[in-house]
Amino acid sequence: MADKDKPTKGFRLPRMAPLLVPLERRLQTLSALLYGVEPSFVLGFFLCLWALPFLWPLLIAYLIWVYLDQQPVRGGRRIEWLRRLSLWNYFADYFPVSIIKEADLDPTKNYIFGYGPHGILAYGAVITFGTEGAGFSKLFPGIQTTLMTLHSNFKIPFHRDYLLGLGLASVSRASCKYVLQSGPGKSIAIVIGGASESLAAHPGVMDLTIKKRLGFVKIALETGASLVPCLSFGENEIFDQLKTEQGSWMWKCQKKIQGILGFTVPLFHGRGIFNYDIGLMPHRRPIRVVFGKPIAPPKDVTDENRDKVVQTMHKEYMDQLQEIWDKYKDEFLPNRIKEMEFVG
């Protein structure tokens, strides 16, 4: 972690970035900025188009097509050149994001990559699975992974098409099974903790919302896909968040928003374009995504022992997360506040 990006305590004036920095770092900052403003920009652009009456027929036709389009539940509309743009290399190098793998994976099999923690905006998951910025395909050749996200993301005009092009798809059960059953090597990545986990995204903390999350294990059992634990060291470090105590009025408001919209709104901040302390851009802090060993589901599963098998696989998954944590915590998270904890 660079000195400038270390957390600071107490009040102080924002530390300003120097004017003369290498062009590559400027491009890295630009890539992070473009990624952050894209949803607001395209939505605003779409609304501005309605000011031109001659475009109304096209806009109405587009909205009808969006309503009827089934690609969000059919594995996305993957565009390889979009996923391999140089923009994503700069974006990955901004932090930087790197992949550490504990085992090779057989490209003839299917996998469910369980990513955690969610962090504030799951930047590490998007870079790792939604682009080639971290070099996923080079490390795991023959495996085509679809990052699953909330279906509500595919209701935002133009932004949805960008997500589909990156190969993202809806995280519904039917969508997950469709991808996993579409051929050898076809795999999915799920941020197991989801939106609930974002409220626990504080630097130095690794709280994983997983104790009661059994759906991904059941899908693995139904499709024959192997589970691969993925623990992201640094995902919680790239933003600072106002801590809201469970049961407080602010916490209740955040949970209410989550119930209505499907996602929550953490009160967070990062850095700015020209300063290191104030803004909504992520801090330049490393994200290391460690891929564990695959956990293959047993083949001799009956209705009578199905629940027991699910619990056994779930425990094995959490045990392996614990092993990854114990192996890398001192190297990748030396300034942690506490040990990793599995929560509900």
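# Exercises on a predicted model

In this predicted model, Arg336 and Asp330 form a salt bridge whose closest N and O atoms are 2.8 Å apart. Let us start from that pair and work outward.

## Exercise 1: From a pair to a network

Task: Find which residues are joined with Asp330 and Arg336 into one network by salt bridges that share partners.

Solution:
- Step 1. Begin with the pairing idea: side chains of opposite charge can pair when their charged atoms come close.
- Step 2. Check the pair against the cut-off. A salt bridge needs a side-chain nitrogen of Lys or Arg within 4 Å of a carboxyl oxygen of Asp or Glu, and Arg336 and Asp330 have their closest N and O atoms 2.8 Å apart.
- Step 3. Follow the shared partners. The network consists of Asp326, Lys329, Asp330, Arg336 and Glu339.
- Step 4. Look at how Asp330 sits. With a relative accessible area of 51%, Asp330 is exposed, because exposed means over 50%.

## Exercise 2: Bridges across the sequence

Task: Work out which parts of the chain are tied together by the salt bridge between Arg15 and Asp277, and then do the same for Asp207 and Lys338.

Solution:
- Step 1. Take Arg15 and Asp277. Their closest N and O atoms are 2.7 Å apart in a salt bridge.
- Step 2. Place both partners. Arg15 is in the segment before α1 (23-49), while Asp277 is in the loop between β9 (268-269) and β10 (287-291), so this pair ties together parts 262 residues apart in sequence.
- Step 3. Ask about burial: both Arg15 and Asp277 are buried.
- Step 4. Turn to Asp207 and Lys338, whose side chains meet in a salt bridge at 3.1 Å, N to O.
- Step 5. Place these two as well. Asp207 belongs to strand β6 and Lys338 to the loop between α12 and β11 (341-343), so the pair ties together parts 131 residues apart in sequence.
- Step 6. Check accessibility. Asp207 is buried at 13% relative accessibility, whereas Lys338 is partly exposed at 31%.
- Step 7. For the wider picture, a search of the whole structure gives 18 salt bridges.

## Exercise 3: Looking for enclosed space

Task: Find how many cavities of 30 Å³ or more there are, and say which element gives the largest share of the lining of the largest cavity.

Solution:
- Step 1. Recall the method: rolling a probe the size of a water molecule over the atoms shows where empty space is left.
- Step 2. Count. There is 1 cavity of 30 Å³ or more, and the largest cavity holds about 70 Å³ of space.
- Step 3. Inspect the wall. Among the lining residues are Gly114, Tyr115, Gly116, Cys230, Tyr317 and Leu321.
- Step 4. Sort by element. Two or more lining residues come from each of β2 (111-116), β6 (207-209) and α12 (306-332).
- Step 5. Pick out the largest share: β2 gives 3 residues.

## Exercise 4: Buried or exposed?

Task: Decide whether Ala189, Leu87 and Leu68 are buried, partly exposed or exposed.

Solution:
- Step 1. Set the limits: buried is under 20% relative accessible area, exposed is over 50%, and partly exposed is in between.
- Step 2. Ala189, in strand β5 (residues 186-191), has 0% relative accessibility and therefore counts as buried. Beyond its neighbours within four places in sequence, Ala189 has contacts that include Phe113, Phe129 and Leu147.
- Step 3. Leu87, in helix α4 (residues 86-94), has 29% and so is partly exposed. Beyond its neighbours within four places in sequence, Leu87 touches Ser31 and Leu34.
- Step 4. Leu68, in helix α2 (residues 56-68), has 53% and so counts as exposed. Leu68 joins Trp56, Ile60, Ile64 and Tyr67 in a nonpolar surface patch with about 580 Å² of accessible area together.

## Exercise 5: Backbone details

Task: Find which prolines follow a cis peptide bond from Phe95 and from Gly116, and where Ala122 is found.

Solution:
- Step 1. The bond from Phe95 to Pro96 is cis, with omega near 0°; Pro96 is in the loop between α4 and β1 (97-101).
- Step 2. The bond from Gly116 to Pro117 is cis too, with omega near 0°; Pro117 is in the loop between β2 and α5 (123-130).
- Step 3. Ala122 is also in the loop between β2 and α5. Its phi is positive, near 55°, though Ala122 is not a glycine, and at 8% relative accessibility Ala122 is buried.

Terms used:
Residues numbered from 1 in each chain as written. Predicted model: local features only at pLDDT ≥ 70, side-chain atom pairs only at ≥ 80, totals over all residues. Heavy atoms only, no water. Patch = residues over 30% accessible without salt bridge, like charges linked within 9 Å, V, L, I, M, F, W, Y side chains within 5 Å. Areas by Shrake-Rupley, 256 points an atom, 1.4 Å probe, with all protein chains shown as cover. Helix = DSSP H or I, 4+ residues; strand = E, 2+ residues; numbered from the N terminus. Buried < 20%, exposed > 50% of the residue type's maximum accessible area, 1.4 Å probe, protein only. Contact = heavy atoms within 4.5 Å. 1 Å grid on protein atoms, 1.4 Å probe; cavity = no way out; pocket = protein on both sides within 12 Å on 5 of 7 lines; lining within 4 Å. Points joined across faces, edges and corners; volume = space filled by probe spheres on them.
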